[in-house]
Structure formats: structure tokens, C-alpha cells
Amino acid sequence: MLVTWLSLYPVRRFASALGLVAKPGGHSTHAKVTPLGGGIGIWVGIMVTFSAASVAIGLLRHYPELQARFPEALQPYLEGAWSRLGQLWSLLGAATVLVALGVTDDRRGGVNPFFRLAVEFAVAAFVVYGLGFGLTAFIGITWLTNVLSVIWIVGLINSFNMLDNMDGLSGGVAAIIAASMAIVMLTTADPETSRPQVFVAALLMVVCGSLLGFLWHNRPPAKIFMGDGGSYLVGFLIAVAMLMATFASNNGPRPHAMLAPLCVMAVPLYDMTTVLWIRIRQGRSPFVGDRSHFSHRLVELGLSRTQAVLTIYLVTATCGLASILLTHVEIVQAITVIGIVACMLLLVIILESTQWESSDK
């Protein structure tokens with residue numbers, strides 16, 4: 001949080017020189033020239049934090065006198081953390097490719113959408129087939145789960161990109177989701193080790209902290225926007241973290257816990273799905289931005305922009321709390337939790353239905 005907060009001051013200052021500015025006009029609703037490149041600060045916060053952690057783990061392993069001063073409760077995790085540093089840095093390298101793609105997109109005012117998707121699919125395939133991160137969902141068909149994992153990563157990258165349309169919106173929603181999933185990881189034991197899933201929780205907590213540092217600069221009126229570089233980075237890391245996590249075992253008492261990622265991601269997925277549906281119904285390209293997003297539709301219903309963002313925060317937080325409960329309750333209670341989330345989303349759909357009809361005219 002601190003690293004991102006500090007690093008964004010020079011990014012804001014030199015954004016214009018770097019060609020990272022968002023100008024009013026088009027489908028954008030902001031009224032003045034605003035720096036882009038918030039994703040650079042988020043990336044710096046994540047990379048510096050994990051660099052410091054990697055150095056610290058190396059020193060603790062090689063100097064027993066330092067390890068003796070390390071909290072005893074955390075010492076069992078040192079070897080596990082050390083063994084996964086290769087995976088971590090391969091993952092962060094893949095994330096850096098997406099940041100570079102997004103920053104290039106921000107500078108040029110738009111990269112060819114098919115090239116962008118090709119890079120996203122290539123990075124997702126590297127993570128799934130190269131690093132071995134993927135869902136199982138008790139399906140047992142490897143090729144199918146791998147394909148679904150790639151689609152999941154690309155889908156979440158673009159869902160957060162689409163959600164980045166109002167001050168504080170995408171960053172705040174992502175922070176709530178990352179915090180919710182971190183709590184799930186710290187309170188849900190890995191079936192193989194019977195210990196909290198600290199590695200995934202740490203990744204999500206670092207992402208959350210970086211987003212909080214960014215939100216200081218992105219709160220209304222925003223001093224800097226996340227840009228494509230930031231939304232690609234955040235969507236990618238959250239998507240992969242959910243694939244790395246174990247929510248339920250084959251023989252466990254709570255197989256329904258595997259629905260937690262879908263529950264916590266309800267708002268970004270809802271926004272992406274409805275936006276694509278509206279654009280396709282109107283005969284427009286799904287790749288061209290507009291003002292048909294969930295947040296814009298709430299404003300058309302009479303909410304202010306701040307009220308729309310806070311409303312989406314509350315819906316996301318409700319889904320996040322539901323996902324936490326889902327991993328700790330039995331099947332009957334789980335059905336109730338999922339029913340509450342479904343009823344809330346149906347209520348939103350009913351309230352919005354008039355706006356969908358008007359936008360189709």
C-alpha cells in the first residue's frame with residue numbers, strides 16, 4: 001500500500017511526458033485531462049513487496065540466527081515459501097507482460113483487440129499449461145478443465161477492464177474481492193497439509209494493499225486512472241489466485257465451497273455479461289467502449305456517480321461475505337447463502353430492466 005501510494009506521485013507528474021493521459025470525449029464521462037498509468041504504481045507496489053519478501057526468505061534460510069528471531073508460528077512456512085518462489089516470479093513475469101500490453105494500449109489509445117486477446121490467451125495458456133495452475137471442479141477431464149481455466153483468466157482480465165469506468169470503481173471492487181478471498185484462504189485449510197493457504201492469501205493481500213494505495217489517488221475526483229495496464233494486472237492476479245486455491249476436496253464435507261469464486265466475482269461478471277449482451281443486441285462491436293455499464297445504468301436510474309460506486313461496493317461486499325460463509329457451512333446453509341446472492345442480483349436486474357429497454361431503442 002505504501003509503495004504504491006508513494007510511487008504514483010512521480011507517475012502522475014511524468015504521465016504527460018510518457019504519453020499516458022486520458023482526454024475527455026467519446027464514451028468517457030470524465031471532464032478534464034487526467035493521467036493514466038495507475039497500473040504502473042500498482043505493479044511497482046506488488047513487485048517491490050515480493051522482492052523484499054524473497055530476499056527476506058533467502059536470508060532467513062541461510063542465517064539460522066535470524067531465523068531464531070522469526071515468529072515461531074510462521075517458521076514452518078519458510079521452506080514452502082522458498083520452494084514456490086520460482087512459481088511466484090514466473091507468475092509475476094507473466095503479469096508484467098500484461099502490464100506492458102496495457103500501458104502500450106493506454107499510450108496508443110487502443111491496441112488491435114484481436115492482438116490484445118491473442119496476448120491474453122497466450123499468457124493464460126502459459127500459466128495453465130506451463131505453471132500447472134488450473135481448476136479441477138471435480139470434472140476429471142484434464143483438457144476440459146485446462147480450457148476452462150484459460151477462459152476464466154481471460155474473462156476476468158476483461159471483466160475488470162470493463163469495470164474501470166468510474167473513479168474508484170474497479171480498484172475498490174477488486175480490493176473487496178481480494179480481501180474476501182484472502183480471508184477464505186486464511187480460514188480454509190489445504191486438504192493435503194491441513195494448514196491455511198498462506199501463499200495464495202499473501203498474493204491476494206499484496207494485491208489488495210497495492211489497490212488501497214492506488215485508491216488514495218483514484219478517489220473522486222480522480223488524480224490518476226488505473227488504465228488498461230492496471231486492470232489487466234489486477235484481473236489476471238485475482239483470476240490466477242483463485243485457480244491456485246483449494247476450496248474443497250473430492251471427499252470433503254463441503255463440495256459447494258468451489259462456488260465461492262463465482263460468488264465473489266458476481267459483480268464484475270454481471271457487468272461484463274450484461275454489457276456484451278446490450279452491445280450485441282444493438283448490433284455494435286463488443287470491443288468498442290460505451291456507457292452501457294452497470295455503473296452508468298445506475299446513474300441513469302437517478303443515482304449520483306458516487307452513489308453508484310458505493311452501491312456496487314455494497315453489492316460486491318455482500319457477495320464477498322457470502323463467499324466466506326459458503327466455505328464454512330453445510331449444504332443446507334449453502335443453498336440459503338447462494339439463494340440470497342441470487343435474489344440480490346435478480347433485484348438489481350429488475351431495477352435495471354427499464355434502462356436496458358431504453359438503451360435498446
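The paragraphs below lead through a predicted model, moving from helix packing to the core, then to single buried residues and the loops.

A convenient starting point is the pair formed by helix H2, residues 38-62, and helix H5, residues 85-108, whose axes lie 11 Å apart and pack at an angle of about 165 degrees. Since angles over 145 degrees count as roughly antiparallel, H2 and H5 are therefore roughly antiparallel to each other. The crossing of these two helices, H2 and H5, is left-handed. On the H2 side the contact is made by Ile40, Trp43, Ile46, Met47, Phe50, Ser51 and Ser54, and these meet Leu85, Leu88, Trp89, Leu92, Thr96, Val99 and Val103 of H5. Sorted by class, the residues in this contact of H2 with H5 comprise 11 nonpolar and three polar, with no charged residue among them.

Helix H2 also packs against helix H10, and here the axes come within 7 Å and cross at roughly 40 degrees. That angle makes H2 oblique to H10. In this contact Gly39, Ile42, Trp43 and Ile46 of H2 meet Gly229, Gly230, Leu233, Val234 and Leu237 of H10. The residues of the contact of H2 with H10 divide into six nonpolar and three polar, again with no charged residue. Trp43 and Ile46 appear in the contact of H2 with H5 and also in the contact of H2 with H10.

A further helix pair is formed by H6, residues 113-130, and H7, whose axes come within 9 Å and cross at roughly 135 degrees. H6 and H7 are therefore oblique to each other, and H6 passes H7 in a right-handed crossing. From H6 the contact draws on Leu117, Glu120, Phe121, Ala124, Ala125, Val127, Val128 and Tyr129, which meet Asn146, Val147, Ser149, Val150, Ile153, Val154, Ile157 and Asn158 in H7. By class, this contact of H6 with H7 has 12 nonpolar, three polar and one charged residues.

Several of the residues named so far recur in the largest nonpolar core, which holds 103 residues and in which Ile46, Leu91, Val127, Ile153, Phe236 and Met265 touch the most other members. The largest share of this core, 12 residues, is supplied by H10. Leu91 can serve as an example of how such a residue is surrounded: once residues up to four places away in sequence are set aside, Leu91 touches Val127, Leu131, Leu203, Phe236, Leu237, Val240 and Met244. Two of these partners, Val127 and Phe236, are themselves listed among the residues that touch the most other core members.

Which polar residues deserve a closer look? Asn146, which lies in helix H7, residues 142-163, takes part in the contact with H6 described above. With a relative accessible area of 16%, Asn146 is buried, and beyond its neighbours within four places in sequence it is in contact with Val128 and Tyr129. Ser180 is found in helix H8, residues 169-187, and at 8% relative accessibility Ser180 counts as buried. Apart from its neighbours within four places in sequence, Ser180 is in contact with Val264, Gly320, Ser323 and Ile324.

Ser231 lies in helix H10 and is buried, with a relative accessible area of 0%. Not counting residues up to four places away in sequence, Ser231 touches Ile157, Phe160, Asn161 and Met226. Ser231 and Gly38 stand 193 residues apart in sequence, while their C-alpha atoms are 9.3 Å apart in space.

The loops on either side of H10 complete the tour. Pro221 has its place in the loop between helix H9, residues 198-218, and helix H10, residues 227-244, and the peptide bond from Pro220 to Pro221 is cis, with omega near -10 degrees. As a general matter, most peptide bonds are trans. Thr246 belongs to the loop between H10 and helix H11, residues 260-264. With a relative accessible area of 24%, Thr246 is partly exposed. Leaving out residues up to four places away in sequence, Thr246 touches Thr188, Asp190, Pro191 and Gln197, and its C-alpha atom is 13 Å from that of Ile183, a residue 63 places away in sequence.

Note on methods:
Residues numbered from 1 in each chain as written. Predicted model: local features only at pLDDT ≥ 70, side-chain atom pairs only at ≥ 80, totals over all residues. Heavy atoms only, no water. Helix = DSSP H or I, 4+ residues; strand = E, 2+ residues; numbered from the N terminus. Axes fitted to C-alpha atoms, helices over the stretch in contact; angles between N-to-C directions. Parallel < 35°, antiparallel > 145°, perpendicular 65-115°, else oblique. Left-handed = near helix turned anticlockwise from the far one by under 90°. Contact = heavy atoms within 4.5 Å. Nonpolar A, V, L, I, M, F, W, Y, C, P; charged D, E, K, R; others polar. Core = buried A, V, L, I, M, F, W, Y, C linked by side-chain atoms within 4.5 Å. Buried < 20%, exposed > 50% of the residue type's maximum accessible area, 1.4 Å probe, protein only.
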